[in-house]
Amino acid sequence: MTDDKLKPLREQIDAIDAQLLDLLNRRALIAQEVGHVKAETNAPVFRPEREAQVLQKVATRNPGPLDSGDVQTIFREIMSSCRALERRVNVAYLGPAGTFSEQAVYQQFGHAVEGVPCTSIDEVFRAAEAGTADFGVVPVENSSEGAINRTLDLLLQTTLTISGELSIPVHHSLMTKTGSMTGITRICAHSQALAQCQTWLNQNYPQIERQAVASNGEAARLASEDPTMAAIAGEIAGQRYNLGVVKAHVQDDPHNRTRFAVVGRLQPAPSGKDQTSLVLAVPNKAGAVYNLLAPLAKHGVSMTRFESRPARIGTWEYYFYVDVEGHAQEQKVADALAELKHNAAFFKVLGSYPFSLY
């Protein structure tokens, strides 16, 4: 009786699937035509502002019952596959495979890209600077442990610009080759992950040595080869290296998130909902920071982030990493930036890019 009821519903689904397949391939054919036009004008394959507009539009138009976030995920993969018909984009990230950085790549670009795992954040920047990767994805800050200082230092030095950002939830698991802590003498992870799980580790395994390694993916790889080593990493890394989970969700903050930036040569056009990142420094005198930021209030530009970082030039001076709402090409933002530049001892625009959907 159940099959009799399901059969007409399944036939409807099959008919809709056939329509979807036809529409997807029609979209792909048009995307190929777009690729031909881009090739003639040497336009970039990946246009983050255009993709952000598409994703915002489908979320606004979505009547349900599908969740808007799920609909955006589906459309991101459709755009990723269509984009790959033009050319498969290469994206460098902090590897090896299985890191949260790799997860961030797929969340930003979809799965139809070529991931380029790197051994350090420095190497991610070098790959994008040398052109061996079209883009790099690097961690910028964690909600528990704050800024990733090496990334901030490299953003200050590089000729690359930020063309996108995203934030992903970070759920750490303690894993070993056997799924047991028997015989384990070391727990390894990236230094940030060890810090994010410090309280839990102190309560449960205070006697076991902790070792910082280049990434959580590298920790998982090492644990897969060494039965005396445990790793703290994400589920994807554990699955990739066939590790057993001793305990899931060992991070101290259940709402732990990491923000990532996409860096490259691309400078996105305005999308309608953008953010601009800056680095500033001021003369060492009273009221300098207040006077520096006054143009933002004057021109009605909202500041969403303010992070200080020692200048490392032998004196107690600081660089300020600032995010503001809006694109540098918008008039009020352009006017505010012009005044900021005039007032600042150091001024650098890191990039204007679509505001994160995540």
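Helix 2 is a good place to start, since this helix gives the most to the lining of the largest pocket, with six residues. Keep in mind as you look around that this is a predicted model. The pocket itself holds about 510 Å³ of space. Helix 2 (48-61) has company here, as helix 1 (2-41) and helix 3 (68-86) also give two or more residues to the lining. If you want to find the middle of the pocket on your screen, look for Arg27, Ala31, Arg50, Val54 and Met79, which lie nearest its centre among the 18 lining residues. How many of the lining residues are nonpolar, polar and charged? The split is nine nonpolar and nine charged, with no polar residues.

Now for the second largest pocket, with a volume of about 310 Å³. This one is lined by 18 residues, and the closest to its centre are Pro44, Val45, Phe46, Arg87 and Asp134. Helix 1 turns up again, giving three residues, the largest share of this lining. By class, the lining of the second largest pocket comes out as 10 nonpolar, three polar and five charged residues.

Let's move on to the strands. Strand 14 covers residues 318-325, and six of its eight residues are buried, so you can call the strand mostly covered. Which way does strand 12 run relative to strand 14? Strand 12 (residues 274-281) and strand 14 are antiparallel, and six bridges join them. To see the pairing up close, find Leu280, which stands opposite Phe320 in strand 14. Strand 14 also pairs with strand 13 (residues 303-310), again in the antiparallel sense, over seven bridges. Here you can look for Arg305, standing opposite Asp323 in strand 14.

Next comes helix 9, residues 216-225. Why can we say that this helix is largely enclosed by the rest of the structure? Because seven of its 10 residues are buried. Those buried residues are Asn216, Gly217, Glu218, Ala219, Ala220, Ala223 and Ser224. And what do they pack against? Their neighbours are helix 4 (100-109), strand 7 (186-189), helix 7 (191-196), strand 9 (229-233) and helix 10 (235-240).

Finally, let's look at a few details of the backbone. Most peptide bonds are trans, and most residues other than glycine have a negative phi. With that in mind, go to the loop between helix 2 and helix 3, where you'll find Pro65. The peptide bond from Gly64 to Pro65 is cis, with omega near 10°. There's another cis bond from Gly95 to Pro96, with omega near 5°. Pro96 sits in the loop between strand 1 (90-94) and helix 4.

What about phi? Asn242 has a phi near 55°, which is positive even though the residue is not a glycine. Asn242 belongs to the loop between helix 10 and strand 10 (244-247). Is Asn242 buried or exposed? Asn242 is exposed, with a relative accessible area of 66%, and the cut-off for that word is over 50%. His249 isn't a glycine either, yet its phi is positive at about 55°. You can spot His249 in the loop between strand 10 and strand 11 (257-264). With a relative accessible area of 45%, His249 counts as partly exposed.

Key:
Residues are numbered from 1 along each chain as its sequence is written. This is a predicted model: local features need pLDDT of at least 70, side-chain atom pairs count only at pLDDT 80 or more; totals for chains, interfaces and linings use all residues. Side-chain values use heavy atoms; hydrogens and water are left out. On a 1 Å grid over the protein atoms alone, a cavity is a set of points where a 1.4 Å probe fits but cannot get out, and a pocket is an open set with protein on both sides within 12 Å along at least five of seven lines; lining residues have an atom within 4 Å of a point. Grid points are joined across faces, edges and corners, and a volume is the space filled by probe spheres set on the points. Helices (H or I, at least four residues) and strands (E, at least two) are DSSP runs, numbered from the N terminus. Ala, Val, Leu, Ile, Met, Phe, Trp, Tyr, Cys and Pro count as nonpolar, Asp, Glu, Lys and Arg as charged, and the others, Gly among them, as polar. Buried means under 20% relative accessible area, exposed over 50%, partly exposed in between (1.4 Å probe, protein chains only). Two strands pair if DSSP finds at least two bridges between them. Contact means heavy atoms within 4.5 Å.
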